[in-house]
Amino acid sequence: MARGRLSSALVLVAVASLALKSITEVFVAPLSRRDALQATGFSMTTLGSQAVWADAQGEPTACLIRYGPQILKLKDAVDAGDLETILKKEPKFKLLNSYWRNDPALFEKYSTLSEKLLEAADEGKKDEVKKLYQEYTSDSVFEPLKQPIKRNKFTMTMFSYGAGKSYNDA
C-alpha cells in the first residue's frame with residue numbers, strides 16, 4: 001500500500017517537472033552560459049547609472065538655483081545682526097549643502113561651515129556669523145547668483161519648463 005502511494009507521488013513529481021520545463025521553454029528564451037554572463041556584466045556596469053542619471057538631470061544645479069538666492073538674501077540680515085532671521089533659514093542651508101553632495105570633501109566643508117554659522121547665530125555671536133557667512137558665500141558658484149540678470153516678461157527659467165510660466169509670473 002505504501003509502495004503505491006510512493007510511485008504515484010513520483011509520477012506526479014515527474015509530470016509536474018515536465019510541465020514546468022515545457023511552460024518555461026515557451027515563455028522564457030533559453031539562455032546560453034555566454035548570454036547569461038553578458039547579461040550579468042551589463043547589469044553590473046549599469047549599477048550606478050541611476051545616480052548618474054539624477055545628476056545628469058540637473059539636481060545639484062536646481063538645488064543651487066532654488067536655495068542659493070535665499071541664502072544670499074540673508075546678507076542684509078547678517079550685516080544688521082538679525083540672528084533670528086538667519087536661524088529661521090536653517091533648513092535652507094541644509095538643502096543648499098546638498099549641492100556639494102557628490103564631492104565629499106566640499107560637502108563636509110560647507111556642512112561644517114553652515115553648522116558653525118548657525119551655532120554662532122544661536123549663541124548670539126554676530127561678528128563670527130559675519131565671518132562665517134562671508135566664507136560660506138565666497139565660493140565661485142555663488143558669483144552668477146550675485147549678479148542680477150535683466151529679464152524681460154517672457155524670459156524662461158529652469159523652473160518654468162513645462163509649467164507654462166515666465167520668470168515674472170512665478
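Which residues does Asn-97 touch, not counting residues up to four places away in sequence? In this predicted model, the residues in question are Phe-107, Tyr-110, Ser-111, Ser-114 and Tyr-136. Asn-97 itself lies in helix H7, which spans residues 90–97, and with a relative accessibility of 3% it counts as buried, because the limit for that class is under 20%. One of these neighbours is also a polar partner, as the side chain of Asn-97 makes a polar contact with the side chain of Ser-114 at 2.8 Å.

The setting of this residue is a protein with 10 helices and zero strands, so that the order of elements from the N terminus on reads α-α-α-α-α-α-α-α-α-α. Of the 170 residues of the protein, 22% count as buried. The accessible surface amounts to about 12600 Å², and carbon and sulfur atoms hold 60% of that area. Among contacts in the protein with a separation of 6 or more, 60% are between residues that stand 24 or more positions apart.

Helix H9, formed by residues 126–136, carries Tyr-136, which was named above as a residue touched by Asn-97. The buried residues of H9 are Val-129, Leu-132, Tyr-133 and Tyr-136. These residues lie on the same side of H9, because the arc that they cover around the axis is only 105°. In general, an α-helix has 3.6 residues a turn, and residues three or four places apart therefore point the same way. On the other side of H9, by contrast, Asp-127 and Lys-131 are exposed. The packing partners of the buried residues of H9 are helix H4 (59–72), helix H5 (75–80), helix H6 (83–88), H7 and helix H8 (104–123).

Aromatic residues form a further theme of the model, with a count of seven aromatic pairs. One of them joins Tyr-99 and Trp-100, whose rings are arranged edge-to-face, with 5.2 Å centre to centre and 90° between the planes. Tyr-99 has a relative accessible area of 22% and is therefore classed as partly exposed, whereas Trp-100, with a relative accessible area of 4%, is buried. Trp-100 also pairs with Tyr-136, again in an edge-to-face arrangement, with 6.2 Å centre to centre and 80° between the planes. This second pair links distant parts of the chain, since Trp-100 belongs to the loop between H7 and H8 while Tyr-136 belongs to helix H9, 36 residues apart. Both Trp-100 and Tyr-136 are buried. Together with Phe-93, Tyr-110 and Phe-142, the residues Tyr-99, Trp-100 and Tyr-136 form one aromatic cluster. Two members of this cluster, Tyr-110 and Tyr-136, are touched by Asn-97.

Directly after H9 comes Thr-137, which is found in the loop between helix H9 and helix H10, the latter made up of residues 143–146. Thr-137 counts as buried, because its relative accessibility is 4%. Apart from residues up to four places away in sequence, Thr-137 touches Ile-71, Leu-72, Phe-142 and Lys-146. Among these, Phe-142 belongs to the aromatic cluster already described, while Ile-71 and Leu-72 fall within helix H4 (59–72).

Technical notes. Residues are numbered from 1 along each chain as its sequence is written. This is a predicted model: local features need pLDDT of at least 70, side-chain atom pairs count only at pLDDT 80 or more; totals for chains, interfaces and linings use all residues. Side-chain values use heavy atoms; hydrogens and water are left out. Helices (H or I, at least four residues) and strands (E, at least two) are DSSP runs, numbered from the N terminus. Buried means under 20% relative accessible area, exposed over 50%, partly exposed in between (1.4 Å probe, protein chains only). Contact means heavy atoms within 4.5 Å. A polar contact is a pair of N or O atoms within 3.5 Å; within protein, one must be able to donate a hydrogen and the other to accept it, and residues adjacent in sequence count only if both atoms are side-chain atoms. The arc is that of the directions from the helix axis to the C-beta atoms. Rings of Phe, Tyr and Trp (its six-membered ring) pair if their centres lie within 6.5 Å; planes under 30 degrees apart count as stacked, over 60 as edge-to-face and the rest as tilted. Accessible areas come from the Shrake-Rupley method with a 1.4 Å probe; for residues, only the protein chains shown count as cover.
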